[in-house]
Amino acid sequence: MTIDRTPSFPSLSTVLPHLSRRHAVTALAASSALPALAQFRVEIKGVGLTQLPIAIAPFRGEAQSPQKISAIVQADLERSGQFVGVDASDAQLDESSRPDVALWRQKKADSLASGSVSRLADGRYDVRFRLWDVVKGQDLGGQSFVVTQADLRLVAHRIADFIYEKLTGERGVFSTRIAYVTKAGSRYSLWVADADGENAQSALSSPEPIISPAWSPTGGQLAYVSFESRKPVVYVHDVSTGRRRLIANFRGSNSAPAWSPDGRTLAVTLSRDGGSQLYTIDANGGEPRRLMQSGGIDTEPVFSSDGRSIYFVSDRGGAPQIYKVGTSGGGAERVTFTGSYNISPSISPDGQWLAYISRVGGAFKLHVMDLKSGTVTAVTDTTRDENPSFAPNSRLIVYATQQQGREALMTTTLDGKIKARLAGQSGDIREPDWGPFQKQQ
């Protein structure tokens with residue numbers, strides 16, 4: 001099975017047994033030694049049906065702050081597709097001010113957030129905010145933080161999370177992280193960044209390809225495939241320390257790692273016994289267990305949210321389609337029937353949705369399936385979409401694509417109505433994976 005995407009990164013066919021390219025062993029495990037990637041620019045487009053109008057007043061003192069907290073909060077909320085901003089640029093408010101709710105009702109705001117940022121004598125920053133229900137005139141609460149300059153963006157994301165949860169009843173994902181791979185010149189890099197693409201830090205850099213990063217359920221580790229050993233090999237990388245361990249380096253190809261929901265097991269594609277087949281292996285390594293016997297190529301596994309099934313891509317029917325099989329093995333069940341070429345499955349954490357890439361008339365487009373009804377929706381108008389990954393609250397999808405000749409990361413709502421482009425400054429940007437919720441420190 002060859003994935004016909006003509007990408008500048010290795011495609012699925014790259015990790016199959018017939019691969020003959022040669023690689024040098026020169027990767028750098030350099031989580032802190034390498035500079036951060038240039039910041040992304042967030043462009044939000046589209047109009048949703050039920051967006052909540054919210055005003056985010058400039059935080060008192062943020063003009064002297066290294067980060068404009070109110071702008072980050074507003075961009076987060078708008079990117080979610082659930083909110084639309086109401087102009088508050090002239091507001092003179094902070095967290096201790098009771099707003100004139102009648103004025104904000106006239107401006108068509110349903111809610112209002114205001115706050116302050118001040119630098120303390122020890123160099124840290126005191127950040128405070130409060131949220132108001134303008135319609136009811138109610139104080140919805142607030143928070144305060146004392147943080148270093150490096151954590152100001154994280155605080156802004158946590159403020160957006162607070163507002164999102166208060167007003168929608170669901171957890172926000174703005175303080176989570178994404179991982180992705182870039183290729184700049186002849187160098188490949190694995191990055192960890194905020195959910196808006198900013199604050200990127202290098203986890204690994206190599207002259208040889210790095211593909212298929214996958215977050216562990218706790219968000220502390222990344223599994224990925226590196227070609228530094230002249231063939232694809234699976235590693236698990238500790239994000240905080242930069243240490244890594246070898247998981248799968250068997251004869252032939254080792255590829256496509258995916259974590260089980262409990263973090264104890266990885267599903268991988270191995271060609272050790274001939275052909276590319278699915279196996280499970282302990283997250284600390286060991287002897288893999290083959291899931292089933294197949295005459296086709298089985299690859300791109302991903303666990304269901306309850307851990308009972310594995311979705312995967314197979315050409316056993318003649319062309320790539322998505323199937324699922326129980327984690328104990330057995331017979332496989334076909335899942336996709338719309339379209340003749342479907343790859344790159346991703347299951348939403350709530351278990352309701354399947355995102356995947358379908359080839360339509362030569363174009364590769366992101367599709368979303370309601371797993372209960374089987375209804376499929378095309379959510380993009382681009383033609384080179386790749387590697388969808390759900391946010392941990394199941395409300396957004398990050399994916400790679402190409403627009404106007406440029407590689408980019410995008411997020412989209414499940415209906416495709418609100419999209420945000422996270423445009424890199426240089427290099428090809430691919431292989432995104434959205435991390436889990438982070439524990440509050």
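**Group meeting: strands, cores and salt bridges in a predicted model**

Okay, let me start with one pair: S314 sits across from Q321, which belongs to β20. Those two are part of a longer match, since β19 (residues 309-314) and β20 (residues 321-326) run antiparallel and share six bridges. When I say two strands pair, I mean DSSP finds at least two bridges between them. Strands here are DSSP runs of E with at least two residues, helices are runs of H or I with at least four, and both are numbered from the N terminus.

Before going on, the ground rules. This is a predicted model, so local features need pLDDT of at least 70 and side-chain atom pairs count only at pLDDT 80 or more, while totals for chains, interfaces and linings use all residues. Residues are numbered from 1 along each chain as its sequence is written, and side-chain values use heavy atoms, with hydrogens and water left out.

Back to that sheet. It is open, has four strands in the order β18-β19-β20-β21, and pairs antiparallel. At its edges are β18 (298-303) and β21 (333-334), each pairing on one side only.

Now the overall picture. The protein chain has 30 strands and three helices. Of its 441 residues, 56% are buried; buried means under 20% relative accessible area, exposed means over 50%, and partly exposed is in between, with a 1.4 Å probe and protein chains only. The chain exposes about 18200 Å², and carbon and sulfur atoms supply 45% of that. Those areas come from Shrake-Rupley with a 1.4 Å probe, and for residues only the protein chains shown count as cover. As for contacts (heavy atoms within 4.5 Å), take those with a separation of 6 or more: 48% of them join residues 24 or more positions apart.

So what sits inside? In soluble globular proteins, nonpolar side chains tend to be buried together. By a nonpolar core I mean buried Ala, Val, Leu, Ile, Met, Phe, Trp, Tyr and Cys residues joined through side-chain atoms within 4.5 Å. The largest one has 25 residues, and I69, V73, L77, I159 and I163 have the most contacts inside it. Elements giving two or more residues to this core are β2 (52-56), α1 (69-79), β4 (111-119), β5 (125-133), β6 (138-147) and α3 (152-168). The top contributor is α3, with eight residues. Which residues does I163 touch, leaving out those up to four places away in sequence? They are I54, I56, V73, L77, A113, F129 and L131. There is also a second, separate core of 22 residues, including I322, Y341, I347 and Y356.

Let me stay with α1 for a moment. Its buried residues include I69, V73 and L77, but also D76 and R79. D76 and R79 form a salt bridge, with the closest N and O atoms 3.0 Å apart. The criterion is a side-chain nitrogen of Lys or Arg within 4 Å of a carboxyl oxygen of Asp or Glu. They are three residues apart in the helix, so about one helical turn separates them. D76 is buried at 0% relative accessibility, and R79 is buried at 3%. Just after the helix, G81 has a positive phi of about 85°.

A search of the whole structure turns up 14 salt bridges. Another one joins D196 and R153, at 2.4 Å between the closest N and O atoms. D196 is in the loop between β8 (187-194) and β9 (201-206) and R153 is in α3, so the pair ties together parts 43 residues apart in sequence. D196 is buried at 4%, and R153 at 9%. Then there's R272 with E287, at 2.9 Å. Buried or exposed, for E287? It counts as exposed, at 60% relative accessibility, whereas R272 counts as buried at 18%.

Last stop, strands and backbone angles. Strand β27 (residues 396-403) pairs antiparallel with β28 over eight bridges, and Q402 has E407 as its bridge partner. The hairpin has two residues between the strands, and there Q404 takes a positive phi near 50°. In β28 (residues 406-413), seven of the eight residues are buried.

Two non-glycine residues to look at yourselves: S344 has a positive phi near 60° and lies in β22 (residues 342-347), while E431 also has a positive phi near 60° and lies in β30 (residues 428-434). S344 is buried at 5%, and E431 is buried at 9%.
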